[in-house]
Amino acid sequence: MGRLCSPRRQKQRWKTPWDFAAEDAEAASFSQKQVRDLMDRVRKGYVIHRFRFPLPSAGVLGSSKVCLAGSWDNWETTEGMEFSEADRAFVLPLILPRGKYIYKFLVNGKDWLCARTMPIERDKSGQENNVLVIS
């Protein structure tokens, strides 16, 4: 009768932040080029910041669409945010270089609002905006 042996244990490899980023990118159906671009940005000192617009916020309860716009691209684009049940907030991760940014949330395509739980400052014209400093 042959010897019984247990299957070999594979050496455990600890996951690096690059592994997690690659898995997230795969899960989100990013192309390999997009994943490489993401990794290059992170290596160059860019930071992944997760923007949050929490509920309930004034005038947002029951909102179907929240977008984010900011000074990182001179307010040229708005990015749609997804609602996270776990966070009870609309969320959107963005990859940004270090710096100071002002931003606001566009609710249902018409109302520009600040998240009251995030830092706020007034611009030269007196408008309130959220502010983010990545150092």
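**Strand pairing in a predicted model**

In strand 9, Leu132 is the bridge partner of Tyr101. The exercises below concern a predicted model.

**Exercise 1.** Determine which strands pair with strand 9, and in which sense.

*Solution.* Begin with strand 6, residues 99–107: five bridges join this strand to strand 9, and the two run antiparallel. The pair Tyr101 and Leu132 belongs to this step. Turn next to strand 8, residues 120–122, which pairs with strand 9 over three bridges, again in the antiparallel sense. Here Ile120 stands opposite Asn130 of strand 9.

**Exercise 2.** Describe the connection between strand 8 and strand 9, and state how many residues of strand 9 are buried.

*Solution.* The two strands form a hairpin, with five residues lying between them. Within the turn, Gly126 has a positive phi of about 90 degrees. As to burial, the criterion is a relative accessible area under 20%. Five of the seven residues of strand 9 (128–134) are buried, and the strand is thus mostly covered.

**Exercise 3.** Give the strand order of the open three-stranded sheet, and explain why one side of strand 1 and of strand 4 lacks a neighbour in the sheet.

*Solution.* The order is 1-5-4, with antiparallel pairing. Strand 1 (47–54) and strand 4 (82–84) are at the edges and have a single partner strand each, so one side of each remains without a neighbour in the sheet. From one strand to the next, the twist averages 40 degrees. Finally, consider strand 4 and strand 5 (residues 89–96): three bridges join these antiparallel strands, and Phe83 stands opposite Phe90 in strand 5.

Key: Residues are numbered from 1 along each chain as its sequence is written. This is a predicted model: local features need pLDDT of at least 70, side-chain atom pairs count only at pLDDT 80 or more; totals for chains, interfaces and linings use all residues. Side-chain values use heavy atoms; hydrogens and water are left out. Two strands pair if DSSP finds at least two bridges between them. Helices (H or I, at least four residues) and strands (E, at least two) are DSSP runs, numbered from the N terminus. Axes are lines fitted to C-alpha atoms, for helices over the stretch in contact, and angles run from 0 to 180 degrees between N-to-C directions. Buried means under 20% relative accessible area, exposed over 50%, partly exposed in between (1.4 Å probe, protein chains only).
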